[in-house]
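Here's a quick briefing for anyone opening this structure for the first time. Take a look at the model, then read on for its ring contacts and its main pocket.

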Amino acid sequence: MEKSTAYPPMSVALTVWGFGAALYLIGFFQRVAPAVITHELMARFALTAAALGNLSALYFYAYVAIQIPTGVLVDHWGPRRVLTIGALLAASGTLLFALASTYALVGTGRLLVGAGVGVAFVSMLKLATHWVAPSRFALISGLALACGSLGGISAGVPLRLAADALGWRWVMVGAGIATALLAAATWLIVRDDPRERGFRSYSSTAPASKRHSMLGGIREVFRYRNVWLSFIGCGAITGPMLAFGGLWGVPFLASQYGMSTAQAAFVTSVMLVAWAVGSPIAGALSDRLRRRKLPILVGGAVAAVLWALLIYIPVLPYAVLIMIMIGLGLSSGVVVIGFAFCKESAPPTLAGTASGVANMGNMLGGMAMQPLIGWLLDLAWDGALAGDVRSYAFSAYAGSFTLMLVWLVAGVFAFGYARETHAKQVA
């Protein structure tokens, strides 16, 4: 194919990148879905809070485990292959989850889904390094999280209404079929580098670099200080969002504020909408200021204050509750800056591996917090029941949610020790 000196139009770049974004959207839908069908899952499989937390967290176990391998694989194989295989795996897991008759099978489905959608974010970032100008990387990272948040929003009220009308199993069957179709479209349309379509690439490296062996790339990327600190800090900011918005927010609001499941799902969706809005804003602001640390530190500090208000004040006025949800989403959007920060702190040939490390830390919060909160809730359970499902007192939720706040504060301090990159890629 004849080489061109022109970079790809943004419309073309976003189309290619958008297939990764679509899988990431599906991943966020799957991540949040258990929060809306908690009653059905607990009743159908006779689950305690700890068992439900573990079931939901199986997604995160697989998701976290796949991050560094994904980074290495996209550096070697390219994101097109990785995205296609991931979508097929996620489709299989979703169908198994939908049709399972035992806890073991439904858990296996969650594992497969987590592993499949776990390749999306790192693959998107790898595509961005080739198809999008470096000066827009943090903005693109923000748009990626915004797409994911839209998936989380669709797992709120829309999922609740669909589950009421069709049953949660049929909704999941539909999600599995849609994911399989996405796998086919990805293979047909996505290309790893603009040079495969006759355009100039924004990356100076080959689309699938082999300058490092797989294990050598992992060893090399961990030599960079900011990579370690981004690993800790990203998980600390995202963890409370995933623990609350992805599982425990709906039962907490339903129990403590007397909301229906649909109303509680709406309130948590407000937080996810604000997250979707705040992420690209934070990324664009960081790119404009050419600063990474300051926006992260400010956003993390604001989020910590707002989480404390939500956790320790028993019943907030509805308007105040909504404002806190909006504030939490907007302030937590700074987590996307951490991915640009991490990518800029390692050589371009290790961009995928570095992004995998950052996203592994990003998901570590949800993986650890969801089951730990469930375990603590069971320890504090006073025997109350709502129908055939356990009900927990406000003090139990406050004690359990304190874990989220502690981790967040620790993560903000971790970013404080990072070295500012001024939005410049290391050589």
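Let's start with two rings: phenylalanine 341 and phenylalanine 415 are both buried. Keep in mind that this is a predicted model. In total, the structure holds 18 aromatic pairs.

**Ring pairs across the chain**

- Take phenylalanine 121 and phenylalanine 339: their ring centres are 4.5 Å apart with the planes at 55°, so this pair is tilted. Tilted is the word here because the angle is neither under 30 degrees (stacked) nor over 60 (edge-to-face).
- This pair bridges distant parts of the chain, with phenylalanine 121 in helix H6 (residues 120-131) and phenylalanine 339 in helix H15 (residues 335-344), 218 residues apart.
- Phenylalanine 121 is tucked away, since its relative accessible area is 1%, and phenylalanine 339 counts as buried too, at 2%.
- Back to phenylalanine 341 and phenylalanine 415: the centres of these rings lie 6.4 Å apart and their planes meet at 25°, so the pair is stacked.
- Phenylalanine 341 belongs to helix H15 and phenylalanine 415 to helix H17 (residues 394-416), so their contact ties together parts 74 residues apart in sequence.

**A cluster of rings**

- Which residues do ring pairs link into a cluster? They are Phe244, Phe252, Tyr257, Trp307, Tyr392, Phe394, Tyr397 and Phe401.

**Charges over rings**

- Arginine 31 places its charged end over the ring of phenylalanine 28, 4.2 Å from the ring centre.
- Arginine 80 has its charged end over the ring of tryptophan 187, at 3.7 Å from the centre of that ring.

**The largest pocket**

- How much space lies in the largest pocket? It comes to about 400 Å³.
- The largest pocket is lined by 24 residues, and the closest to its centre are Thr38, His39, Pro251, Ala254 and Val389.
- Several elements each supply at least two lining residues: helix H1 (10-36), helix H2 (38-45), helix H8 (157-166), helix H11 (225-257) and strand S2 (389-390).
- Helix H11 gives the most to this lining, with 5 residues.
- Sorted by class, the lining of the largest pocket has 14 nonpolar residues, 6 polar ones and 4 charged ones.

Definitions and conventions: Residues are numbered from 1 along each chain as its sequence is written. This is a predicted model: local features need pLDDT of at least 70, side-chain atom pairs count only at pLDDT 80 or more; totals for chains, interfaces and linings use all residues. Side-chain values use heavy atoms; hydrogens and water are left out. Rings of Phe, Tyr and Trp (its six-membered ring) pair if their centres lie within 6.5 Å; planes under 30 degrees apart count as stacked, over 60 as edge-to-face and the rest as tilted. Helices (H or I, at least four residues) and strands (E, at least two) are DSSP runs, numbered from the N terminus. Buried means under 20% relative accessible area, exposed over 50%, partly exposed in between (1.4 Å probe, protein chains only). A charge sits over a ring if NZ of Lys or CZ of Arg is within 6 Å of the ring centre and within 35 degrees of the ring normal. On a 1 Å grid over the protein atoms alone, a cavity is a set of points where a 1.4 Å probe fits but cannot get out, and a pocket is an open set with protein on both sides within 12 Å along at least five of seven lines; lining residues have an atom within 4 Å of a point. Grid points are joined across faces, edges and corners, and a volume is the space filled by probe spheres set on the points. Ala, Val, Leu, Ile, Met, Phe, Trp, Tyr, Cys and Pro count as nonpolar, Asp, Glu, Lys and Arg as charged, and the others, Gly among them, as polar.
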